[in-house]
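The following exercises ask the reader to work through a protein structure step by step. Each task is followed by a worked solution.

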Amino acid sequence: MEEGPYKFLRDGNGKVHRVIRIGTRKSQLARIQTDSVAEKLKELYPDVHLEIVAMSTIGDKILDTALSKIGEKSLFTKELENALERNEVDLVVHSLKDLPTSLPPGFTIGAVLKRENPHDAVVLHPKNAGKTLDALPAHSVIGTSSLRRAAQLKKRFPHLDFKDIRGNLNTRLKKLDEKEDFAAIISAAAGLRRMGWDNR
């Protein structure tokens with residue numbers, strides 16, 4: 001049942017509980033991150049019922065164009081923000097890197113979880129296992145969707161080439177492992193750890 005912008009649930013004993021609807025992207029990594037937020041909320045508010053509302057964003061749908069060329073702000077947040085404005089969810093979970101520099105009017109960052117590993121990670125194609133970026137042959141292609149990462153690495157490793165790679169973490173690893181297009185990809189170490197892929 002709903003009362004104003006809020007949603008409530010009556011349990012088998014007739015007790016009414018507030019329902020907190022948490023908006024998130026549909027990717028496996030986004031769901032893992034959202035589940036960790038839900039666990040923290042449940043510890044603090046055991047009587048609250050939590051409901052996960054997953055949705056796709058523009059950034060999830062357009063996979064054949066570099067992020068920098070799409071020309072749209074809030075690529076991974078806009079649909080979630082719209083749902084928040086329409087009271088379809090009560091809060092949303094984002095990676096801070098996906099947030100725009102300035103939040104839309106009326107929005108605020110309500111909480112930030114303890115920071116995970118802040119480093120970037122190099123994930124090598126199986127044929128390059130054990131190598132470093134220094135040791136890769138000239139013009140080896142490194143995949144990343146981040147202009148920042150590409151610029152920093154190009155300065156440090158001028159013998160390498162950098163190419164855009166799109167998709168969620170699962171998709172990017174599959175592209176790396178099953179094709180010969182990339183010698184390695186660059187990813188956030190935190191994402192790999194949350195997915196249980198520290199060994200990559």
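**Exercise 1.** Determine which residues of helix H1 are buried, and against which elements they pack.

*Solution.* The model is a predicted one. Step one is to apply the cut-off: a residue is buried if its relative accessible area is under 20%. In H1, this description fits Leu29, Ala30, Gln33, Thr34, Val37 and Ala38. Step two is to recall the geometry of a helix. An α-helix has 3.6 residues a turn, so residues three or four places apart point the same way. Step three is to identify the surroundings: the buried residues of H1 pack against S3, strand S4 (49-55) and helix H7 (189-194).

**Exercise 2.** Check the span of H1 against the value expected at 1.5 Å a residue.

*Solution.* H1 covers residues 28-44, which makes 17 residues. The expected span is 1.5 Å times one less than the number of residues, so H1 should span 24 Å. In the model, the end C-alpha atoms of H1 are 25 Å apart, in agreement with the expectation.

**Exercise 3.** Describe how strands S2 and S3 are connected and paired.

*Solution.* Begin with the pairing: S2 (residues 6-10) and S3 (residues 16-25) are antiparallel and share four bridges. One position illustrates this, as Arg10 has Val16 in S3 as its bridge partner. Next, consider the connection. The two strands form a hairpin with five residues between them, and Gly14 in the turn has a positive phi of about 85 degrees.

**Exercise 4.** Establish the order of the strands in the open sheet that contains S6, and state which strands stand at its edges.

*Solution.* The sheet has four strands in the order S6-S9-S7-S8, with mixed pairing. S6 and strand S8 (161-163) each have a single partner strand, so they stand at the edges, and one side of each lacks a neighbour in the sheet. On average, neighbouring strands of this sheet are turned by 30 degrees against each other, direction ignored. As a closer look at one pair, S6 and strand S9 (residues 184-188) run antiparallel and are joined by five bridges. Leu124 lies opposite Ala184 in S9. Finally, H6 packs on the sheet and touches S6 and S9, its direction making about 165 degrees with that of S9.

**Exercise 5.** Classify Val141 as buried, partly exposed or exposed, and list its contacts.

*Solution.* Val141 belongs to strand S7 (residues 141-143). Its relative accessible area is 22%. Buried requires a value under 20% and exposed a value over 50%, so Val141 is partly exposed. Leaving aside residues up to four places away in sequence, Val141 touches Asp161, Lys163, Asp181, Phe182, Ala183 and Ala184. Of these, Asp161 is 20 residues away in sequence, while the C-alpha atoms of Val141 and Asp161 are 4.8 Å apart in space.

**Exercise 6.** Identify which elements supply two or more residues to the largest nonpolar core.

*Solution.* This core holds 12 residues, among them Leu29, Ala121, Leu169, Phe182 and Ala189. Strand S6 (120-124), helix H6 (169-178) and H7 each give two or more residues to this core. H6 gives the most, with three. A second, separate core of 10 residues includes Leu136, Ile142, Phe157 and Leu160.

**Exercise 7.** State where the confidence of the prediction is lowest and where it is highest.

*Solution.* The mean pLDDT of the protein is 87, and 89% of its residues reach 70 or more. Confidence is lowest in helix H3 (residues 67-70), with a mean of 55, and highest in S7, at 97. Where pLDDT is low, the predicted coordinates should not be read in detail.

Methods. Residues numbered from 1 in each chain as written. Predicted model: local features only at pLDDT ≥ 70, side-chain atom pairs only at ≥ 80, totals over all residues. Heavy atoms only, no water. Pairing = 2+ DSSP bridges. Buried < 20%, exposed > 50% of the residue type's maximum accessible area, 1.4 Å probe, protein only. Contact = heavy atoms within 4.5 Å. pLDDT = per-residue confidence, 0-100. Core = buried A, V, L, I, M, F, W, Y, C linked by side-chain atoms within 4.5 Å. Axes fitted to C-alpha atoms, helices over the stretch in contact; angles between N-to-C directions.
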